[in-house]
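This briefing is meant to be read with the sequence and the structure side by side. Please look at both before going on to the notes.

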Amino acid sequence: MALSPGWRVFASFPMNRYVVLWKAVRSSGFPLFPWGHCPWRGIGSLLDPEMKAFLEENTEVTSSGSLTPEIQLRLLTPRCKFWWERADLWPLRDPYWAIYWPGGQALSRYLLDNPDVVRGKSVLDIGSGCGATAIAAKMSGALRILANDIDPIAGMAITLNCELNQLNPFPILIKNILDLEQDKWDLVVLGDMFYDEDLADSLLQWLKNCFETHRTQVLIGDPGRPQFTGHSIQHQLHKVAEYSLPEPTRQDNNGLTTSTVWQFQP
């Protein structure tokens, strides 16, 4: 199974079109919603009915082919119409929330297998995408969760995915969090975020400040992208877990075979 030529751009590295979107967000920004008051907070009631119907029609509910079969997600799969269409026919922003990326899979698996890491704690999930890692944190007993993404459609998808897993939706912040004053979190998790040098540099500085100010624990999931393995952050990491990726994930991610969880130790 592989993405069609049109959709392959979404799963290839270094995800250049998302970099363009990220840089645009830094300059203009999406509306800021305070902690606990995001527009996607309620299941169904606060979702635009037409957009909800579009997402449900053009994604598939699946729990197979990933490291976390206990989590159901709405994803773009080969059984979805737009999987085979040209990328320019997709009417929304590039749907990175519709792919369960390997770094996020590793983080989610680690939290499910090690619930003490999050039980009773506050957790911030940066670049949440489909929301799987935040959902894993909720399943493992996290006390307070904030899912963060720059794409409003990701917020809708996360809410739908909470519903699939019979969870009350947690707050979702649609904003570039790197531009905001840092709140206190026990744990920050981020998967598949080191795909661009400028973004990686900004993340490193933000994570350092977070650690120095609040002594926040940081876990990073990555399958070994060159932008991550070649970055200076490598000197400040401790490997905590490595997972062999399922065959469908390998095929959808250019043959990557493993994904690793790292603890940031500046």
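The notes below take up strand pairing, the connections between strands, and burial. They describe a predicted model, and they begin with strand β4 (residues 144-149) and its neighbours.

**Pairing around β4**
- Strand β3 (residues 122-126) pairs with β4 in the parallel sense, and five bridges join the two.
- Within this pairing, S122 has R144 of β4 as its bridge partner, while V123 stands opposite I145.
- β4 also runs parallel to strand β5 (residues 172-174), to which it is joined by three bridges, and here A147 of β4 is set opposite I172 of β5.

**Connections between the strands**
- From β3 the chain passes through helix α5 (residues 132-139) to reach β4, and this β-α-β crossover is right-handed.
- A right-handed β-α-β unit is likewise formed by β4, helix α6 (residues 152-164) and β5.

**The other partner of β3**
- β3 pairs in the parallel sense with strand β6 (residues 187-191) as well, over four bridges, and L124 of β3 stands opposite V188 of β6.

**Burial of the strands**
- In β4, five of the six residues are buried, that is, under 20% relative accessible area, so the strand is largely enclosed by the rest of the structure.
- In β3, five of the five residues are buried, so this strand too is largely enclosed by the rest of the structure.
- The two faces of β3 are both covered, with S122, L124 and I126 buried on one side and V123 and D125 buried on the other.

Notes. Residues numbered from 1 in each chain as written. Predicted model: local features only at pLDDT ≥ 70, side-chain atom pairs only at ≥ 80, totals over all residues. Heavy atoms only, no water. Buried < 20%, exposed > 50% of the residue type's maximum accessible area, 1.4 Å probe, protein only. Pairing = 2+ DSSP bridges. Right-handed = clockwise from strand over helix to strand, strands pointing away.
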